[in-house]
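Visitor: I would like to learn how to read salt bridges in a protein model. Where should I begin?

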Amino acid sequence: MTEQSSQAPGPGGPRPRRRIRVVVVDDHAMFRSGVRAEIGASVDVLAEAADVPEAVAAIHEHRPDVVLLDVHLPGGGGVEVMRQAPAPDTRYLALSVSDAAEDVIGTIRGGARGYVTKTITGPELVAAIGRVADGDAVVFRWRAEARLRPSGKQAVWEALSWVRMKDGQIVEG
């Protein structure tokens, strides 16, 4: 088992924590390579996929802790991946260029534990992966609700009613 440098608290003090196992799903090979380069020293990237069928196969084969999932993919999109690959021990973190309310809401409702935009830095992405792997909900740099009419803002917050916000981040609660 590979160990991570951070320690998780446990009875009798800190205990080594297994490295988080990740599958990266995005239809752009250059982007997948960049993500792997940014996060590969901190997590185990098990596989990459470019579309829905490849993603579903990689999730079934590798059983990752976290799937980094693009929202818009050939073959049905990120929500379709989550629908076809419901894995009880796998959490989904959407990683998208889109901050459109319908994408955020649809992806969270579809089963993603978090949603971050592609403006995120490598260290921020590693931290978000860790939080999602630990069961936390994460939404990073999402400002779509600021562009909505008041009725649209209400729909956003109703869709995200299962989490609460603190300092602009969604936290457990």
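Guide: What follows goes from the overall make-up to single pairs of side chains. Keep in mind that this is a predicted model.

Visitor: What helices and strands does the protein have, and how many of each?

Guide: There are six helices and ten strands. The protein has 173 residues, and 48% of them are buried. Its accessible surface is about 8700 Å², with 53% of that belonging to carbon and sulfur atoms.

Visitor: What share of the contacts between residues at least 6 apart in sequence joins residues at least 24 apart?

Guide: That share is 57%.

Visitor: How do I recognise a salt bridge, and how many are found in the whole structure?

Guide: Look for a side-chain nitrogen of Lys or Arg within 4 Å of a carboxyl oxygen of Asp or Glu. A search of the whole structure finds eight such salt bridges. One of them pairs Asp 65 with Arg 18, where the closest N and O atoms are 3.0 Å apart.

Visitor: Which parts of the chain does the pair of Asp 65 and Arg 18 tie together?

Guide: Asp 65 sits in the loop between helix 2 (52-62) and strand 5 (66-69), while Arg 18 belongs to strand 2 (residues 13-18), so the pair links parts 47 residues apart in sequence. Arg 18 and Asp 65 are also linked with Arg 21 in a network of salt bridges.

Visitor: Is Asp 65 buried or exposed?

Guide: The cut-off for buried is under 20% relative accessible area. Asp 65 has 14%, so it counts as buried. Its partner Arg 18 is partly exposed, at 37%.

Visitor: Which side chain does Glu 48 meet in a salt bridge?

Guide: Glu 48 meets Arg 32, at 3.2 Å from N to O. Glu 48 is in strand 4 (residues 44-49) and Arg 32 in helix 1 (residues 29-39), so this bridge ties together a strand and a helix at positions 16 residues apart in sequence. Arg 32 is buried, with a relative accessible area of 12%, whereas Glu 48 is partly exposed at 28%.

Visitor: How many residues apart are Arg 83 and Glu 80 in helix 3?

Guide: They are three residues apart in helix 3 (residues 78-84), which means a separation of about one helical turn. Arg 83 and Glu 80 form a salt bridge whose closest N and O atoms are 2.6 Å apart. Arg 83 is exposed, with a relative accessible area of 57%; Glu 80, at 19%, counts as buried.

Terms used
Residues are numbered from 1 along each chain as its sequence is written. This is a predicted model: local features need pLDDT of at least 70, side-chain atom pairs count only at pLDDT 80 or more; totals for chains, interfaces and linings use all residues. Side-chain values use heavy atoms; hydrogens and water are left out. Helices (H or I, at least four residues) and strands (E, at least two) are DSSP runs, numbered from the N terminus. Buried means under 20% relative accessible area, exposed over 50%, partly exposed in between (1.4 Å probe, protein chains only). Contact means heavy atoms within 4.5 Å. Accessible areas come from the Shrake-Rupley method with a 1.4 Å probe; for residues, only the protein chains shown count as cover.
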